[in-house]
Amino acid sequence: MKNLVMLMVSIGLGGGMALAQTVTFDTFKVGEPPPGWTATKTGTGQAKWTVEKDDSAPSKPNVLKQSGEATYPVCIKEDTNLKDGFVEVKFKPVSGKEDQAGGLIWRARDSNNYYVARANALENNVTIYDTVNGRRTERKRTGLKVASNQWHTLRIDFEGTHFTVTFDGKKALEWDDQTFKDSGKVGVWTKADSVTLFDDFSYGGK
């Protein structure tokens with residue numbers, strides 16, 4: 001399977017068309033961080049981002065796995081620079097005593113400054129935050145069932161100051177903010193001891 005799939009899709013922002021890219025991790029070397037990504041963290045601890053084989057992967061055989069422990073493990077797609085657009089991922093929260101979460105980041109300046117939307121299986125909610133100079137602040141949340149050990153789809157559409165979070169195909173919440181106005185990178189996110197799998201990472205902009 002090709003690792004990078006190019007296709008034309010409507011991203012639902014004013015009816016505009018965008019060129020979307022999907023990363024499946026299938027051609028990357030197992031046991032290592034994915035090339036072209038910054039596998040890191042916000043805060044302290046030791047994140048561990050590796051490509052692994054997983055029989056449950058939506059697009060087999062490989063997934064991106066986070067299995068370390070850090071304040072907020074983040075993995076940033078290096079060649080992205082989006083102001084308006086979308087980012088979407090399939091994720092599976094596997095385990096974690098403190099958290100079982102999967103998240104997306106956008107308009108990231110670096111590993112300490114970005115927006116993040118995440119779904120947490122231990123709390124059964126979807127929440128949106130901003131992270132400024134490494135400090136995460138909750139902005140809005142909604143209660144939703146997030147099952148452990150099941151694949152889910154999380155998506156964020158962003159245009160100007162308006163953001164829409166979609167979970168498993170249904171709108172979860174909307175929010176307006178002006179903290180990060182400029183273009184930035186996109187990526188994936190977890191929290192604390194959450195072991196989480198990611199697949200079919202898609203993004204695009206107008």
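This is a short tour of one chain, from the whole fold down to a single arginine.

The model is predicted, so that local features need pLDDT of at least 70 and side-chain atom pairs count only at pLDDT 80 or more, while totals for chains, interfaces and linings use all residues. Residues are numbered from 1 along each chain as its sequence is written, and side-chain values use heavy atoms, with hydrogens and water left out.

Begin with the whole chain in cartoon view, where there are 16 strands and 0 helices; these are DSSP runs numbered from the N terminus, with helices being H or I of at least four residues and strands E of at least two. Along the principal axes, the C-alpha atoms fill a box of roughly 40 × 35 × 30 Å.

Next, colour by burial: 54% of the 206 residues are buried, that is, under 20% relative accessible area, with exposed meaning over 50% and partly exposed in between (1.4 Å probe, protein chains only).

Now select strand β11, residues 135-143, and within it R139. R139 is partly exposed, with a relative accessible area of 41%.

Which residues should be shown around R139, leaving aside its neighbours within four places in sequence? They are I128, Y129, D130 and W175, where contact means heavy atoms within 4.5 Å. W175 is 36 residues from R139 along the chain, and their C-alpha atoms are separated by 8.1 Å.

Finally, show the side chains of R139 and D130, which make a polar contact at 2.9 Å; such a contact is a pair of N or O atoms within 3.5 Å, and within protein one must be able to donate a hydrogen and the other to accept it, while residues adjacent in sequence count only if both atoms are side-chain atoms.
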